[in-house]
Amino acid sequence: MPTFSSELNNLFTSTLYQYAQKKSVDQIYLGSVLLQKLKAKGSVKPADGGVHIREPLRTGQSPVYSIDYRESVQLLPKEILTAALYDWRIIVTPLLLYEWELDLNSGTNKVLNLMQERMDEVETAMRENINQQLFADGTGNSGKDIIGLDTIVHPTGALGGISITDVPTWKSYQVDHASNIVNFDIISTAISEISYETEPDLIICPVDIWTKLHNTLPADARYIDQTVANWGFSNFTIRGKMPMVADRHCPANTIFVLTTDHLKLRYHPKRNFTPRGFVDVPNMLATANLFTFAGNMTCNSRRTQGKLINVSAT
């Protein structure tokens, strides 16, 4: 006799799977301007299987020589770290259906509607959780959360198995503004300090700081990035091209100045917010489907990221 889970799997696989997979991923990205930016640049990428996620470095540490044309180059042995290694982090959200709910919603259309309602709940919960983790330090949930900007954009501490002792440029720009009121000059300075082969292209701050800066701009000087606006994020541009966006998950009194060319969200090809299939829950009149993500945020050039802390809006 078919179980509830097998019947749901048949229905789910035949009708909802491909739609659910793409829609779930799209909905999760919609809540984050950072993920939208990475996705637009092709920087949400699968990672090959292995114990770690390997990210080739861009640290400017390869030897460079000036020579006379008659001179030979001394190829002396030199230890150069070529990649950062990031741990896999796994995020799971269950979709739970009780058999009694299915009994009350008998009929294919009603079951599909019920499943869609629960999928919407899963997407909302996953989106909120991922967005919180993007700004955190990765130590949450006993170190099982993804590595967020608070650790990636930092002037000290190891990242990806590499310390500043190993690679002196493996650190970010950070300035403590001692509760001084925010102004455009400190952001412009940060931009200049972290501009190497590319310039920053995304600035994120809390709502109060964004509002303070936005209101100081004359109406005729409030230029926007139309692409970011089309994603649903209010913004104004710094230096005419770098969108500044408010995010309620951004830590208070903090401004991130990011070069997204050097940031990625890497995921396992089999676990990109992927539903595993319904299974019966032991000792319960219920069936569950787990949506799973395995991957991490990575960075290949820490010096191109900046953070301003203890910045006040008032």
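# Reading helices, strands and ring pairs in a predicted model

In helix α2, the residues V33, L34, L35, Q36, K37 and L38 are buried.

Reader: Before we go further into that helix, what kind of model is this, and how many helices and strands does the chain have?

Author: This is a predicted model, and everything we say about it should be read with that in mind. The chain has 9 helices and 13 strands, and buried residues make up 46% of its 314 residues. Its accessible surface comes to about 15900 Å², with carbon and sulfur atoms accounting for 52% of that area. If we take the contacts between residues at least 6 apart in sequence, 77% of them join residues at least 24 apart.

Reader: Returning to helix α2, how many of its residues are buried, and what caps its N-terminal end?

Author: Helix α2 spans residues 33-40 and is mostly covered, with 6 of its 8 residues buried. At the N-terminal end the cap is S32, which places a side-chain oxygen 3.3 Å from the backbone nitrogen of L34. L34 is itself among the buried residues of the helix. After α2 comes G42, and the phi of this residue is positive, near 75°.

Reader: Now I would like to learn how to read a strand; which faces of strand β13 are covered?

Author: The general idea is that in a regular strand the side chains alternate between the two faces of the sheet. In strand β13, which runs over residues 306-309, both faces are covered: G306 and L308 are buried on one side, while K307 and I309 are buried on the other.

Reader: Which strands are joined to β13 by bridges, and do they run parallel or antiparallel to it?

Author: Strand β5, made of residues 173-176, runs parallel to β13 and is joined to it by 4 bridges. In that pairing, V175 stands opposite L308. Strand β9, made of residues 255-258, runs antiparallel to β13, and here 3 bridges make the connection. On that side of the pairing, V257 stands opposite G306.

Reader: Let us turn to the side chains, then, starting with the cysteines; how many disulfides does a search of the whole structure find?

Author: A disulfide is a covalent bond between the sulfur atoms of two cysteines. A search of the whole structure finds 0 disulfides.

Reader: Why is there no bond between C205 and C250?

Author: The closest cysteine sulfur to that of C205 is the one in C250, and because the two are 6.5 Å apart, they are too far from each other for a bond. Both residues can also be placed by their accessibility: C205 is buried, with a relative accessible area of 0%, and C250 is buried as well, with a value of 5%.

Reader: How many aromatic pairs are counted, and how should I describe one of them?

Author: A pair of aromatic rings is described by the distance of the centres and the angle of the planes. The count comes to 5 aromatic pairs. One of them is formed by Y29 and F273, an edge-to-face pair with 6.5 Å from centre to centre and 80° between the planes. Y29 lies in helix α1 (residues 4-30) and F273 in strand β10 (residues 263-275), so this pair ties together parts that are 244 residues apart in sequence. Y29 is buried at a relative accessible area of 3%, and F273 is buried at 1%. Ring pairs also link Y29, F273 and F293 into a cluster.

Reader: What arrangement do the rings of F184 and F236 have, and where in the chain do these two residues lie?

Author: The ring centres of F184 and F236 are 6.3 Å apart and the planes stand at 75°, so this pair is edge-to-face. It links distant parts of the chain, with F184 in helix α7 (residues 184-193) and F236 in strand β7 (residues 235-238), 52 residues apart. F184 is partly exposed, with a relative accessible area of 27%, whereas F236 is buried at 1%.

Reader: As a last case, is K264 buried or exposed, and what does its side chain make a polar contact with?

Author: K264 is found in strand β10 and counts as buried, because its relative accessibility is 13% and the cut-off for buried is under 20%. Its side chain makes a polar contact with the side chain of E55, at 3.2 Å. Leaving aside neighbours within four places in sequence, the residues in contact with K264 include L38, S43, K45 and N296. L38 brings us back to helix α2, where it is one of the buried residues.

How values were computed: Residues numbered from 1 in each chain as written. Predicted model: local features only at pLDDT ≥ 70, side-chain atom pairs only at ≥ 80, totals over all residues. Heavy atoms only, no water. Buried < 20%, exposed > 50% of the residue type's maximum accessible area, 1.4 Å probe, protein only. Pairing = 2+ DSSP bridges. Disulfide = S-S within 2.5 Å. Contact = heavy atoms within 4.5 Å. Areas by Shrake-Rupley, 256 points an atom, 1.4 Å probe, with all protein chains shown as cover. Polar contact = N/O pair within 3.5 Å; in protein donor to acceptor, adjacent residues only side chain to side chain. Phe/Tyr/Trp six-rings, centres within 6.5 Å; stacked < 30°, edge-to-face > 60°.
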